[in-house]
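Reader: Could you take me through one part of this fold up close, strand by strand? After that I'd like to hear about the pockets.

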Amino acid sequence: MSASAVIPADAAPAAANPASGQPVVAVRGLTKIFKDFWGRPRAKAVDNVDFEVRPGEVFGLLGPNGSGKSTTVKMLLGLLYPTRGHIEVFGHSPRHVATKAKIGYLPEESYLYRFLDSHETLDFFGNLFDLTSAQRRQRNEELLEMVGLNQVRTRVVGEFSKGMQRRIGLAQALINDPDLVILDEPTAGLDPIGCREVKDLILALARRRKTVILSSHLLSDVEDVCDRVVIYYGGRVHAMGSLKELLVQPDTVRITAPLLSRQTMEKVLAIIRQDVAAERIQIDNPTQNLESYFLEVVRQAKERLAETSGAISGSRVAAYLRGDAESAPETDKVLERLTLSAAPKAVESAPAPAAQGAPKVDQARLESLAKAAAPEPPSPSLSPPPPVDMDKANQKLSSLLGPPPDR
């Protein structure tokens, strides 16, 4: 850790707490320097970084563009070699081949084969992890349903929008049921519904003790799902800890109450003003965030008009990702409480009995109508045309062309 880093005193490494178990990811003194063609240092992307990620934790990597987040992720995956420092993933080097089978990765840009459809894409990645055909088939169905691409499974991914490519990219990152999921800007290009689904999925993975590393510059996404975060700037970690530790304002108290009458409000303010200056007291009405309001509007719209030609909101987190489907909490239903309306199922009723006193069918009349509607027999084929006299045709052609030119 660099000398300029500001770390809360109680943010001790997970290894120091026996109850937390062995850390999934351990980083010590990690440094990455990019060099030019002649080997001269060009940019120090990551500078002496230390952190640990515990089992079942949602860990956030925050920072502005170019702060070193994606470089750190690539070194955790073994895609880049560190200049200095030590990395362990599941107790092994990031280049340990068997360890990679436990990792699911969604890169910042979706790298997909343009001429494969959704099902073929997932089948290809499932083959890389030696899944059986039955496992691939089952997981493909569950994942396509989960990410809302079940209705467009026959379209090649080259025709997908950026948001739809992120959806299929997220599905391929989960095809192997990984123990460590690394998501680099997972909500980039997604609409607010897709962002909410990704966050619900991350929470569902955490409930199964899966470890998630989330790299993002969208602070609202991180705030909703992360247990701990590190904040990068200039390749260094400048703050680390739980969100409660970092965001709480211990010198301020908020009191939320139902709407009070004017007389009661004046009494309360009079008591508070005895200890606090009047200019430091703020009174306003609480508001919901824009995401909650947007999702409520969409939910109401879906009740009136349920059809769309694009990606739809997923129904449930895939069963194999939830683990025990029977004991899964109701909150595993992605966006059910936000966007899915309770559409009544069609009830098949028994055939109604024939009405009493109905007129009998006139069989004679019915037979006459059937005969009248019968198709007419095909007409006999026309006789072939008479043969053409080729001699007359040649004479006619010669007269049109004229005598041959003199040579």
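Author: Strands β3 and β8 run parallel and are joined by 4 bridges. β8 covers residues 228-233, and in that strand isoleucine 231 is the bridge partner of leucine 62. This is a predicted model, by the way, so read everything here as computed from predicted coordinates.

β3 also pairs with β7, residues 211-215, again through 4 bridges and again in parallel. Here the bridge partner of phenylalanine 59 is isoleucine 213 in β7.

So what about β3 itself, buried or exposed? The strand spans residues 58-62, and 5 of the 5 are buried, so β3 is largely enclosed by the rest of the structure. Both of its faces are covered. Val58, Gly60 and Leu62 sit on one side, Phe59 and Leu61 on the other, and all of these are buried. Leucine 62 and phenylalanine 59, the two residues with bridge partners named above, thus belong to opposite faces.

Now on to histidine 238, which lies in strand β9, residues 236-242. With a relative accessibility of 28%, histidine 238 counts as partly exposed, because buried would need a value under 20% and exposed one over 50%. Its side chain reaches back to the backbone oxygen of tyrosine 233, at 3.1 Å. Histidine 238 is also 9.8 Å from glycine 63, C-alpha to C-alpha, although 175 residues separate the two in sequence.

Then there's the empty space. A probe the size of a water molecule, rolled over the atoms, shows where such space is left. The largest pocket holds about 1,200 Å³. It is lined by 23 residues, and Val253, Arg254, Ile255, Gln282 and Ile283 are the closest to its centre. By class, that lining has 14 nonpolar, 5 polar and 4 charged residues.

The second largest pocket comes in at about 560 Å³. Its lining has 21 residues, with Ile103, Tyr105, Phe125, Phe129 and Gln172 nearest the centre. Which elements give two or more residues to that lining? They are β5 (103-106), α3 (118-128) and α5 (162-173). β5 supplies the largest share, 4 residues. As for chemistry, the lining of the second largest pocket splits into 14 nonpolar, 6 polar and 1 charged. If you're setting the two pockets side by side, the charged count is 4 for the largest pocket and 1 for the second largest.

Definitions and conventions. Residues numbered from 1 in each chain as written. Predicted model: local features only at pLDDT ≥ 70, side-chain atom pairs only at ≥ 80, totals over all residues. Heavy atoms only, no water. 1 Å grid on protein atoms, 1.4 Å probe; cavity = no way out; pocket = protein on both sides within 12 Å on 5 of 7 lines; lining within 4 Å. Points joined across faces, edges and corners; volume = space filled by probe spheres on them. Nonpolar A, V, L, I, M, F, W, Y, C, P; charged D, E, K, R; others polar. Buried < 20%, exposed > 50% of the residue type's maximum accessible area, 1.4 Å probe, protein only. Pairing = 2+ DSSP bridges. Polar contact = N/O pair within 3.5 Å; in protein donor to acceptor, adjacent residues only side chain to side chain.
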